[in-house]
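Here is an informal walk through one protein model, starting with a few loop residues and moving on to the helices. Have a look at the structure first.

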Amino acid sequence: ALSLKLAKLGCAHLAMLDQFDHGLLEIVERVKRVAPGLATTEALCDVRDSDRLDSWMRRIEPDVVIHAAALKHVHLGERHPVECVLTNLVGVRNAVAAANGAGASHFMLVSSDKAAAPTCVMGATKRLAELYLTGFQLERPTAMRMKSVRFGNVLGSQGSVLPRFEAQIDAGGPLEVTHPDMERFFMSSEEAVGLILSVTALENEEGAYFMEMGEPISILDLGRDLIARS
């Protein structure tokens with residue numbers, strides 16, 4: 001959704017970097033259909049590989065870097081904490097260093113509402129990544145503006161709870177809830193993309209931004225409601 005929006009806005013050049021080959025190919029093809037004349041670069045690379053990431057970033061020389069790579073499933077993060085740390089924290093460190101080395105003027109980190117008073121590994125890695133941006137600015141001189149935006153559950157996104165619940169209902173159940181007390185904020189993909197671009201365009205001081213999304217919704221109640229509707 002973010003790549004398609006940027007393509008429609010008519011950016012000078014759009015570079016898309018991912019370690020998932022099928023997903024990368026699909027995004028690139030959709031962008032070319034929306035904006036056939038747009039200059040694009042596809043970069044098949046893992047943010048954990050600092051040398052490769054640095055090489056790609058220097059080749060692309062981006063003005064704005066939007067970093068959305070992350071492991072996002074709470075239960076998997078608890079079972080595989082090392083993998084979560086390597087992607088969500090080490091990956092951010094590598095991306096910040098590569099963007100700064102390539103002369104980027106803006107770095108935007110897509111974070112999570114789970115970073116607020118985190119109680120899980122995934123949330124903790126996201127909070128530490130936010131703090132890393134602050135530490136990077138304090139420890140070394142850089143002209144690169146660094147910000148982060150906290151997301152709720154983006155409706156319809158990869159790994160979002162609604163498609164998972166719908167698939168579990170289609171399979172005859174049961175619905176799997178991480179914890180009965182779990183609550184999340186929800187936002188549409190249009191709202192998510194708008195938040196990223198609006199905050200990136202702000203000339204304000206660096207920091208963590210989030211959108212007012214009203215009251216959090218009980219995941220247990222949401223699941224029960226979907227079952228009733230089905």
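Let's begin with Glu61, which sits in the loop between α3 and β3. Helices (H or I, at least four residues) and strands (E, at least two) are DSSP runs, numbered from the N terminus. Before going on, a word on the ground rules: this is a predicted model, where local features need pLDDT of at least 70, side-chain atom pairs count only at pLDDT 80 or more, and totals for chains, interfaces and linings use all residues. Residues are numbered from 1 along each chain as its sequence is written, and side-chain values use heavy atoms, with hydrogens and water left out.

**Loops with a twist**

Most residues other than glycine have a negative phi, and most peptide bonds are trans. Glu61 isn't a glycine, yet its phi is positive, at about 50 degrees. With a relative accessibility of 59%, Glu61 counts as exposed (buried means under 20% relative accessible area, exposed over 50%, partly exposed in between, with a 1.4 Å probe and protein chains only).

Ala117 is another non-glycine with a positive phi, here about 45 degrees. You'll find Ala117 in the loop between β4 and α6, and it is exposed, with a relative accessible area of 69%.

Where is there a cis peptide bond? One joins Gly173 and Pro174, with omega at about 0 degrees. Pro174 belongs to the loop between α7 and β7 (183–184).

Asp46 is in the loop between β2 (39–44) and α3. Asp46 is partly exposed, at 31% relative accessible area. Its C-alpha is 8.5 Å from that of Phe20, although 26 residues separate the two in sequence.

**Helix α5 and what surrounds it**

Now for helix α5, which has 21 residues (81–101). At 1.5 Å a residue, α5 should span 30 Å, and its end C-alpha atoms are 29 Å apart, which agrees; the expected span is 1.5 Å times one less than the number of residues. There is a kink in α5 all the same, about 30 degrees and centred on Gly91. The bend at a residue is the angle between axes fitted to the seven residues ending there and the seven starting there. Just after α5, Gly103 takes a positive phi of about 85 degrees.

Which residues of α5 are buried? They are Cys84, Thr87, Asn88, Gly91, Val92, Asn94, Ala95, Val96, Ala98 and Ala99. An α-helix has 3.6 residues a turn, so residues three or four places apart point the same way. The cover over the buried residues of α5 includes α3 (50–60), β3 (64–67), α4 (74–79), β4 (106–112), α6 (121–139) and β5 (145–151).

Two residues from those covering elements are worth a visit. Val121 lies in helix α6 and is partly exposed, with a relative accessible area of 22%. Leaving aside residues up to four places away in sequence, Val121 touches Gly77, Glu78, Pro81 and Cys84 (contact means heavy atoms within 4.5 Å). Ser148 is in strand β5 and counts as buried at 2% relative accessibility. With the residues up to four places away again left out, Ser148 touches Met108, Leu109, Glu130, Leu133, Gly207, Ala208 and Tyr209.

**Helices that cross**

Two packed helices are described by the angle between their axes and the distance between the axes. Axes are lines fitted to C-alpha atoms, for helices over the stretch in contact, and angles run from 0 to 180 degrees between N-to-C directions.

| Helix pair | Axes come within | Crossing angle |
|---|---|---|
| α7 (161–170) and α9 (219–229) | 10 Å | roughly 45 degrees |
| α1 (2–9) and α8 (189–201) | 10 Å | roughly 60 degrees |
| α3 and α5 | 9 Å | roughly 30 degrees |

That last angle makes α3 roughly parallel to α5. Angles under 35 degrees count as roughly parallel, over 145 as roughly antiparallel, 65 to 115 as roughly perpendicular and the rest as oblique. In α3, Ser50, Leu53, Asp54, Met57 and Arg58 meet Asn94, Ala95, Ala98, Ala99 and Gly101 in α5.

As for α1 and α8, the residues Leu2, Lys5, Leu6 and Leu9 in α1 meet Val193, Ile196 and Leu197 in α8.

Finally, α7 passes α9 in a right-handed crossing. The α7 side of the contact is Val161, Leu162, Phe165 and Ile169, and the α9 side is Ile219, Leu222, Gly223, Leu226 and Ile227. A crossing is left-handed if the near helix is turned anticlockwise from the far one by less than a right angle, and right-handed if clockwise.
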